[in-house]
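Hi,

Here is the structure I said I would pass on. Have a look at it first, and my notes on what turned up are just below.

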Amino acid sequence: MAEALAQPLLTELDAVPELPALRDWSRGQAFAEVPGDWLVFVTDVVDSTAALARGQYKQVNALGAACLIAAANASGRDDLPGVFTGDGAVLVVPPSCAAAVGDALRGVQALGERQLGLALRLGAVTVAALNQRGAAVRLARRRLGAGFGQALFSGGGVQLAEQLIRAEPARWPVPQTGGRAQARLEGLECRWNDVPATRGRMVSLIVRPRGHDLSVLTPLLAWLEALPQAAPVRGDNLPLQWPPQHLGVEMRLKHPAAPARALRTAAALAWTGMLAPLVRRDGRNPLTAAGRYVAALAASTDHLKLDDALRAVLDLTAAEAEALQALLEALTQRDALAYGLHASDRALMTCFIRSSTQHLHFVDGGDGGLAQAARRLKRSESNRSADVNRGRLD
């Protein structure tokens, strides 16, 4: 999340390192330990597979992004460490604002059910409880281009929290203030149309190292670092059509009352209709305001992230996709990792906008790419467990 505020929240931790290069992400020893009284919040759409089958890709994405934005607004901290996972979010929260975040996420949960017809699973586990079960929560960060930073997690604690909450959500309730559960979603925007794959296929990938050893990711991270042109959102493929096809999802979440929603929608259509010709004309000219914004947008996507698993959305040529799969298969054969992969023809983008100079853009592959990749990863891990039980692996 963002790092622009004075006295940033992360100073409550011992020296959280910045890892600017992708290759640095494999240095698990560089991450800072999160204190035991902090909490790991996990949200995800219940039965997202069925929602995606109904074509609710954008609704699922918007609800996951809304969790991060509501938590930032409730805590007053844009530097709250969190990761967008496609069909939900992970947040690591200090006790000082845990109850406020819990209320906000309960508010998102209510909005999702009422406005989008989606059930949001929600829970929170203390870091101490995860430590007692043999997992750690370690944190690093990466600075992005438009006022925001990105949290990186290692140590196995986030993965364990997801497993515990998905298995028994009632056992891990979120803290509450005792007041009203209400989500403030200022900053949430769904005003860009789907971003087309222009190099070949939009590949969504989740890679989980065995035993939480990030060093096994070194060859993969080096391969990704050599492909900056594979970023899914760039100045040359940003969709510049109008009207915004997903605006209705934003408006349903931010303005539940129909009369207010109609007025806000009309105003947003007028505003984006005025801006669209300017962006079409100047968006690729770095000397203009529109061009600078487009360049900052492209540099401020979260298409590469780490929350015990590496998540990526990439615009790859056929040759690059083949090389990626060969590398992943080689690492899988060495029993270094497991992975899930999904290919589509586009990416979706949900935005967190504070101003023209402070913004962050959550990216997922088309057709619910990250959720589809997660489903295939789970199948791969289940198959491996079955093979181990049959004695096929050492």
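Helix α8 gives the largest share of the lining of the largest pocket, with seven residues. Keep in mind as you read that this is a predicted model. The pocket holds about 850 Å³ of space, and 30 residues line it. If you want to find its middle quickly, go to W192, W271, L275, V279 and Y293, which lie nearest the centre. Besides α8, helix α9 and strand β14 (346–355) each supply at least two lining residues. By class, the lining breaks down into 18 nonpolar, seven polar and five charged residues.

Since α8 and α9 both turn up there, I looked at how they sit against each other. The axes of α8 (residues 258–282) and α9 (residues 289–298) come within 8 Å and cross at roughly 85°. Angles of 65 to 115 degrees count as roughly perpendicular, so that is the label for this pair. On the α8 side the contact is made by L278, V279 and D282, and on the α9 side by A290, G291 and V294. Sorted by class, the contact has four nonpolar residues, one polar and one charged. V279 is worth clicking on: it is one of the α8 residues that meet α9, and it is also among those nearest the centre of the largest pocket.

Now for the second largest pocket, at about 680 Å³. It is lined by 24 residues, and those nearest its centre are R166, R208, A374, R375 and K378. Several elements give two or more residues to this lining: β2 (39–45), α1 (48–53), α5, β10 (201–209) and α11 (369–389). Of these, α11 gives the most, with eight residues. What does the lining look like by class? Eleven residues are charged, seven nonpolar and six polar. For the largest pocket the corresponding numbers were five charged, 18 nonpolar and seven polar, so set up your charges with both lists at hand if you work on the two sites.Two of the contributors to that second pocket deserve a closer look. Is helix α5 buried or exposed? Eight of the eleven residues of α5 (residues 157–167) are buried, so this helix is largely enclosed by the rest of the structure. The buried ones are G157, V158, Q159, L160, A161, E162, L164 and I165. Strand β2 is where D44 lies. D44 is buried, with a relative accessible area of 3%. Setting aside neighbours within four places in sequence, D44 is in contact with D87, G88, A119, L120, R121 and R166. R166 is also one of the residues nearest the centre of the second largest pocket.

There is enclosed space too. The count comes to two cavities of 30 Å³ or more, and the largest has a volume of about 70 Å³. Twelve residues line this largest cavity, with G82, V83, Q150, D302 and F362 nearest its centre. The elements giving two or more residues to that lining are β3 (82–84), β7 (149–154) and β15 (358–365). The most comes from β3, with three residues. The lining divides into seven nonpolar, three polar and two charged residues.

Last, a few backbone details to look at before you do anything with the model:

- W242 and P243 are joined by a cis peptide bond, with omega about 5°. P243 lies in the loop between α6 (218–225) and α7 (247–254).
- D308 has a phi near 75°, a positive value in a residue other than glycine. D308 sits in the loop between β11 (304–307) and β12 (310–316), and is buried at 2% relative accessible area.
- D335 has a positive phi as well, near 60°, and again the residue is not glycine. D335 is found in the loop between α10 (318–333) and β13 (337–344), and at 32% relative accessibility D335 counts as partly exposed.

How do D308 and D335 stand on burial? D308 is buried, whereas D335 is partly exposed.

Cheers

Key
Residues are numbered from 1 along each chain as its sequence is written. This is a predicted model: local features need pLDDT of at least 70, side-chain atom pairs count only at pLDDT 80 or more; totals for chains, interfaces and linings use all residues. Side-chain values use heavy atoms; hydrogens and water are left out. Axes are lines fitted to C-alpha atoms, for helices over the stretch in contact, and angles run from 0 to 180 degrees between N-to-C directions. Helices (H or I, at least four residues) and strands (E, at least two) are DSSP runs, numbered from the N terminus. Angles under 35 degrees count as roughly parallel, over 145 as roughly antiparallel, 65 to 115 as roughly perpendicular and the rest as oblique. Contact means heavy atoms within 4.5 Å. Ala, Val, Leu, Ile, Met, Phe, Trp, Tyr, Cys and Pro count as nonpolar, Asp, Glu, Lys and Arg as charged, and the others, Gly among them, as polar. Buried means under 20% relative accessible area, exposed over 50%, partly exposed in between (1.4 Å probe, protein chains only). On a 1 Å grid over the protein atoms alone, a cavity is a set of points where a 1.4 Å probe fits but cannot get out, and a pocket is an open set with protein on both sides within 12 Å along at least five of seven lines; lining residues have an atom within 4 Å of a point. Grid points are joined across faces, edges and corners, and a volume is the space filled by probe spheres set on the points.
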